[in-house]
Amino acid sequence: MRLMNQQLMHIGLDDTDSTRKGCTTYVAALLVEKLEQLNVRFLDYPNLIRLNPNVPWKTRGNGALCLRIKHDLGLEDKIKEIAISLVEEHSDLGFKGTDPGIVFCKNAEVPEEIRAFAKNAITGIVTLKEATRLIKKFGGEALGFKACRGIIGALAAVGETLEEDHTFELIAYRLPENCGLKRKVDAASIFEMDELTRPYTFNNVDSEKGRVIITPRGPDPILFGVRGETPEIVKKAYGMIKPLEPVERWVVFRTNQGTDAHLKRVNALNQVKPYSSIVAKGVVSRNPRIIPLRHVIFSVKDESGEVDCAAYEPTGALRKVARDLIVGDRVEVYGAVRKPSAGKPLTINLEKISILALAPKLMPQNPVCEKCGKRLKSMGKSKGFRCEKCGTRFDDAEKVQTVVERELKPGLYVTSTRSQRHLTKPLRRYGLEKHGAEAEGMIENWHSP
Ligand SMILES: [Zn+2]
């Protein structure tokens with residue numbers, strides 16, 4: 001029987017790109033083509049796993065890739081050789097801080113410890129030492145270039161099997177000779193696609209600024225990427241977009257983008273740790289203050305501690321919400337915890353805020369006439385009040401604290417589309433999450449011919 005001579009392989013890739021060139025998803029797309037030529041069977045769409053966006057030495061998207069395949073035993077060496085040479089050829093090895101890594105795991109089931117490692121790489125900080133220990137323990141193989149840091153992400157991509165919530169992204173690539181030039185895609189077709197496929201696609205356009213956001217800006221080979229709930233919808237959306245330059249190839253990825261996978265719930269504010277991304281409840285303890293560049297800062301506390309929260313100018317609507325908070329409001333804050341500066345409290349860079357309960361807002365107002373109920377008129381500072389209707393004077397009356405209506409309403413507020421992280425779950429996805437969903441079969445034609 002042929003099956004006896006087959007084995008599984010998970011190929012993890014990470015950190016081939018730099019700010020000046022490349023993209024690891026593109027290396028994965030090239031590898032898909034080469035593996036198809038060898039007639040291997042794909043067990044899943046290529047997985048695009050976004051890791052902790054709050055790692056200090058990572059400035060870009062921090063995405064790692066994993067291909068999961070079944071192949072004839074005799075092909076193992078050939079497959080590894082192809083993967084290694086593609087990474088070598090397409091990595092920006094001359095760039096400081098680009099440290100590619102490849103991991104091969106032949107376990108039929110991804111070991112629990114590697115899954116746990118992946119969760120930690122998405123929510124916190126993991127080490128290369130821990131990665132290599134696990135690779136050794138489970139008989140995997142790893143190849144790293146330069147500082148080998150990419151091995152961490154490569155193993156994390158192997159370990160994140162996306163059994164919980166996940167989304168899809170169809171990425172279309174440019175011809176190599178066009179990389180670095182202005183991207184040419186018909187913007188109107190993207191707005192139209194968004195209209196026709198919502199809510200099943202997301203992060204296509206920024207409605208606040210009326211801007212297309214599916215096209216990246218860097219010199220990387222991505223022309224655009226469409227994100228959505230199913231492979232079918234991203235393919236359909238792709239068909240609606242009019243590129244005005246050639247598409248070299250496209251691939252559908254399964255991903256943890258838009259799932260909030262990076263956020264870890266903490267039960268007490270003293271458990272908030274730098275470099276992680278958290279969700280925590282608290283009460284506003286210092287009114288918002290506007291700092292230069294129109295950023296808004298306020299403080300939140302619970303019985304265990306106090307943290308600052310920052311809503312930066314590009315967060316748009318979120319910044320406006322933050323500005324309207326007052327001491328006593330009960331909130332749930334979501335965001336990345338910044339490294340603290342000496343003597344300062346930890347600061348959470350807000351991605352979302354949920355207003356749970358509003359405190360009554362008091363404003364000093366003139367008292368009301370005892371006889372006719374009309375609000376009195378002030379006679380000047382410390383000179384008492386007078387009723388304009390009946391003429392009665394109230395020489396000793398003082399201003400009274402009155403509850404005024406809040407403009408802010410309880411609910412969940414998310415940072416503007418343009419400042420959302422890859423992992424941030426957009427409002428549009430609420431209610432569409434996939435939990436413990438049975439793995440469905442793959443669609444045919446999940447990549448360009
Ligand atoms: Zn009166």
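I'll start with the nonpolar core: the largest one in this predicted model has 55 residues. Ile-11, Leu-13, Leu-31, Leu-35, Ile-79 and Phe-224 have the most contacts inside it. Helix α1, residues 24-37, gives the most to this core, with eight residues. As background, nonpolar side chains in soluble globular proteins tend to be buried together.

Take Ile-11 as an example. Leaving aside neighbours within four places in sequence, Ile-11 is in contact with a list of residues that includes Leu-31, Leu-35, Ile-79, Ile-102, Phe-104 and Val-158.

Next, a charged residue. Arg-319 sits in helix α8, residues 317-323. Arg-319 is buried, yet has no salt bridge. How far away is the nearest side chain of opposite charge? That side chain is Glu-313, at 5.6 Å, and a salt bridge here needs a distance within 4 Å. With neighbours within four places again left out, the contacts of Arg-319 are Arg-294, Val-296, Ala-311, Tyr-312 and Glu-313.

Last, the metal site. The zinc ion is coordinated by the SG atoms of Cys-369, Cys-372, Cys-387 and Cys-390, at 2.2 to 2.3 Å. The angles among the four donor atoms run from 100 to 121 degrees, and the site is tetrahedral. In sequence, the donor residues follow the spacing C-x2-C-x14-C-x2-C. Cys-372 lies in the loop between β19 (361-365) and β20 (377-378), and Cys-390 in the loop between β21 (385-386) and β22 (393-394), so this pair ties together parts that are 18 residues apart in sequence. On accessibility, Cys-372 is partly exposed, at 30% relative accessible area, and Cys-390 is also partly exposed, at 37%.

Methods:
Residues are numbered from 1 along each chain as its sequence is written. This is a predicted model: local features need pLDDT of at least 70, side-chain atom pairs count only at pLDDT 80 or more; totals for chains, interfaces and linings use all residues. Side-chain values use heavy atoms; hydrogens and water are left out. A nonpolar core is a set of buried Ala, Val, Leu, Ile, Met, Phe, Trp, Tyr and Cys residues joined through side-chain atoms within 4.5 Å. Buried means under 20% relative accessible area, exposed over 50%, partly exposed in between (1.4 Å probe, protein chains only). Helices (H or I, at least four residues) and strands (E, at least two) are DSSP runs, numbered from the N terminus. Contact means heavy atoms within 4.5 Å. Lys and Arg count as positive and Asp and Glu as negative; His and the chain ends are not counted. Donors are N, O and S atoms within 2.8 Å of the metal (3.2 Å for Na, K and Ca); water is not among the atoms, so sites may look incomplete. Four donors count as tetrahedral if all angles lie between 85 and 135 degrees; four count as square planar and six as octahedral if opposite donors are over 155 degrees apart and all others between 65 and 115; anything else is irregular.
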